[in-house]
Amino acid sequence: ITARAAKLSAQAVIDAERPHMVMSELKVSGLTSPPVNGGVHLRFSFKITNFGRTPAFAKAFALKFYSANELPEGLVLEEAAIAPSGITAPNNWYGVQWPNEILVPADQIAKVVAGNTHLFALGYFCYSDVFNRPHESHFAYQFEFDLGADSRKHFSAVGPKSYWKYT
């Protein structure tokens, strides 16, 4: 019993000291930009913050934007991009501060701006800890816009449980 208790105690310390990577900022703008080639260039940036006590080592990352009335069960993400080698220290973040751009069909954005549909962001971040144990943080968020606004007011967690996984 003593050896088992010691093992459980050691595992509890390891689990308490591990990195915890969580989406902390997600911005999108450009909804009212003029269409180019049938699409609208949306600008986005994100931060995934390490709320843990040890560094996180980036392995893979996927982010998909989706417009609909609600997020359906089982939407498949494309293959994850290999995350650039990166170490995220505790209380620091992984992501992009300067906006990236994606081209979204103009008719989809027109529906979002008019308030007839929603814009979602879903994805995952895979990383390891100092013991090279793998961890994943899956997410699904809905952007909230003021009617006719160019950028998001804020984002909130949504979707079926299948979009949420944390290991």
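In this predicted model, strand 7 and strand 8 form a hairpin, with five residues lying between the two strands, and within that turn Asn 132 has a positive phi of about 65°. The two arms of the hairpin, strand 7 and strand 8 (residues 134-144), run antiparallel and are joined by nine bridges. To find one of these pairings in the structure, start from Leu 122, whose bridge partner in strand 8 is Ala 140.

Strand 7 also has a partner in strand 3 (residues 56-68), and here 11 bridges join the two strands, which again run antiparallel. A pairing to look for in this case is that of Ser 67, whose bridge partner in strand 7 is Leu 119. How many of the 11 residues of strand 7 are buried? In strand 7, which covers residues 118-128, 10 of the 11 residues are buried, and the strand is therefore largely enclosed by the rest of the structure. For this step of reasoning it helps to know that a residue is called buried when its relative accessible area is under 20%.

Another part of the model is an open sheet of three strands, which has the order 1-2-6 and antiparallel pairing. Its edge strands are strand 1 (21-29) and strand 6 (93-105), each of which pairs on one side only. Neighbouring strands of this sheet are turned against each other by 20° on average, when direction is ignored. Helix 2 (residues 106-113) packs on the sheet, where it touches strand 2 and strand 6, and the direction of helix 2 makes about 110° with that of strand 6. Within the sheet, strand 1 and strand 2 (residues 39-50) run antiparallel and are joined by eight bridges. One pairing to trace here is that of Met 23, whose bridge partner in strand 2 is Ile 48.

A search of the whole structure also finds four salt bridges, and the table sets out three pairs, including the distance between the nitrogen and oxygen atoms.

| Acidic residue | Basic residue | N to O distance |
|---|---|---|
| Glu 17 | Arg 53 | 3.1 Å |
| Glu 25 | Lys 27 | 3.7 Å |
| Glu 136 | Lys 165 | 3.4 Å |

Which parts of the chain does the salt bridge between Glu 17 and Arg 53 tie together? Glu 17 lies in helix 1 (residues 2-17), while Arg 53 lies in the loop between strand 2 and strand 3, so this pair ties together parts that are 36 residues apart in sequence. Glu 17 counts as partly exposed because its relative accessibility is 30%, whereas Arg 53, at 56% relative accessibility, counts as exposed.

The salt bridge between Glu 136 and Lys 165 can be read in a similar way, for Glu 136 lies in strand 8 and Lys 165 in strand 10 (residues 165-166), so the pair ties together parts that are 29 residues apart in sequence. Glu 136 is partly exposed, with a relative accessible area of 24%, and Lys 165 also counts as partly exposed, at 39% relative accessibility.

In the remaining pair of the table, the side chains of Glu 25 and Lys 27 meet in a salt bridge. Glu 25 counts as partly exposed at 23% relative accessibility, and Lys 27 is partly exposed as well, with a relative accessible area of 39%.

Technical notes
Residues are numbered from 1 along each chain as its sequence is written. This is a predicted model: local features need pLDDT of at least 70, side-chain atom pairs count only at pLDDT 80 or more; totals for chains, interfaces and linings use all residues. Side-chain values use heavy atoms; hydrogens and water are left out. Two strands pair if DSSP finds at least two bridges between them. Helices (H or I, at least four residues) and strands (E, at least two) are DSSP runs, numbered from the N terminus. Axes are lines fitted to C-alpha atoms, for helices over the stretch in contact, and angles run from 0 to 180 degrees between N-to-C directions. Contact means heavy atoms within 4.5 Å. Buried means under 20% relative accessible area, exposed over 50%, partly exposed in between (1.4 Å probe, protein chains only).
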